[in-house]
Amino acid sequence: MRKNSKINDIDLHKKEKFLAKQDILGPAILFANSDIRKMLRLARARRDDVLYDLGCGLGQNLIVAATEFPFRVQRCIGIETDPIRLRECRERIEDLSLSDRIEIFNFPIADVISGQKGNISQATIVFFGLEIKPKELADLRKNLQPKCKLVYYFDNGLIPEVKPTRVDFPFYLSISPFIEEPTSRLDWLLSVVQKRTSSLHRGEPDEQELWDELAHDLNIRIGYAGDDLRTIKTYRKRLDSYFSDRKR
Ligand SMILES: C[S@@+](CC[C@H](N)C(=O)[O-])C[C@H]1O[C@@H](n2cnc3c(N)ncnc32)[C@H](O)[C@@H]1O
């Protein structure tokens with residue numbers, strides 16, 4: 001029970017501000033533990049991996065990775081800048097006596113992937129649960145060690161310039177330095193939508209059917225606020241600029 005449980009305007013205002021901020025940041029824990037295990041299985045995480053979670057929220061991905069069989073990853077690193085989440089995350093890790101295996105750094109993700117802060121080159125698995133823009137992809141290409149596994153997830157996290165090596169929806173995995181590049185929009189769509197047979201006719205789906213499927217899935221996962229359409233537009237634009245750059 002709080003010492004002073006009287007609800008007043010200041011309390012309400014503070015709570016509103018807190019919730020609004022949490023909304024912008026997205027959920028502090030994105031996945032159920034069974035999903036986190038799926039992600040770790042996709043990355044084939046093991047004891048001697050060095051796992052980074054870029055934007056680790058309350059550190060749940062790291063906690064499952066460090067504690068559960070068969071993963072038991074000995075070195076897990078979380079990156080988080082929100083002060084409330086940072087404090088809460090560190091407290092959880094201390095309470096679980098995991099400080100020898102999990103470290104949380106208050107660094108902006110951009111500084112970590114550009115190599116200015118921390119040591120991302122030691123990572124063997126990186127989980128990136130936010131949008132991966134071209135600048136971030138270029139930094140990851142430059143600073144991840146070869147064969148580092150990048151795990152990202154559906155919503156707005158797909159990478160138009162790269163095809164995934166393995167998929168276990170909603171998780172995608174690509175391996176540094178990300179040489180599996182798409183040869184066409186259709187090639188990329190087939191790799192991310194993972195639909196080999198058309199629902200409309202015999203044979204492979206065409207590009208429009210795959211855009212429709214992607215738009216549907218985004219709509220279901222990220223809602224009807226127009227974010228799904230914005231995301232589709234962004235993917236198309238990035239694919240087009242990737243192919244026009246390649247022609248030059
Ligand atoms: C959607 S949450 C995901 C939490 C966690 N990775 C998970 O899967 O449960 C993304 C987190 O990234 C953090 N974040 C967003 N932008 C960041 C940045 N530029 N630098 C560091 N952390 C950031 C947010 O505060 C938030 O906690």
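Me: Two strands pair if DSSP finds at least two bridges between them. So how many bridges join strand β5 to β7?

Reply: Strands here are DSSP runs of E with at least two residues, while helices are runs of H or I with at least four, and both are numbered from the N terminus. Strand β5 takes in residues 149–153 and runs antiparallel to β7. The number of bridges joining them is five.

Me: What pLDDT do local features need in this predicted model?

Reply: Residues are numbered from 1 along each chain as its sequence is written. This is a predicted model in which totals for chains, interfaces and linings use all residues and side-chain atom pairs count only at pLDDT 80 or more, but local features need pLDDT of at least 70.

Me: Back to the strands: which residue in β7 stands opposite Tyr 153?

Reply: Strand β7 covers 171–175. The residue there that faces Tyr 153 is Phe 171.

Me: Which are the edge strands of the open sheet?

Reply: Seven strands make up the sheet, with mixed pairing, in the order β3-β2-β1-β4-β5-β7-β6. An edge strand pairs on one side only, and that picks out β3 (102–105) and β6.

Me: What does the twist average from one strand to the next?

Reply: Axes are lines fitted to C-alpha atoms (for helices, over the stretch in contact), and angles between N-to-C directions run from 0 to 180 degrees. On that scale, the strand-to-strand twist averages 20 degrees.

Me: Which residue does a cis peptide bond join to Ser 176?

Reply: Omega is about 10 degrees at this bond. The partner sits in the loop between β7 and α7 (185–193). That partner is Pro 177.

Me: Is Phe 178 buried, exposed or partly exposed?

Reply: Phe 178 is in the loop between β7 and α7 too, and its phi is positive, near 60 degrees, although this residue isn't a glycine. Count other C-beta atoms (placed from the backbone) within 10 Å of a residue's own: 20 or more means buried, 12 or fewer exposed, and in between partly exposed. Because Phe 178 has 19 such neighbours, it counts as partly exposed.

Me: How many nonpolar residues does the shell around the ligand have?

Reply: A residue is near a molecule or strand if its C-beta atom, placed from the backbone, lies within 6 Å of it. There are 22 residues around the ligand, and Gly 26, Leu 30, Gly 55, Gly 57 and Asp 82 come nearest. Nonpolar means Ala, Val, Leu, Ile, Met, Phe, Trp, Tyr, Cys or Pro; charged means Asp, Glu, Lys or Arg; the others, Gly among them, are polar. The shell has four charged residues, seven polar ones, and a nonpolar count of 11.
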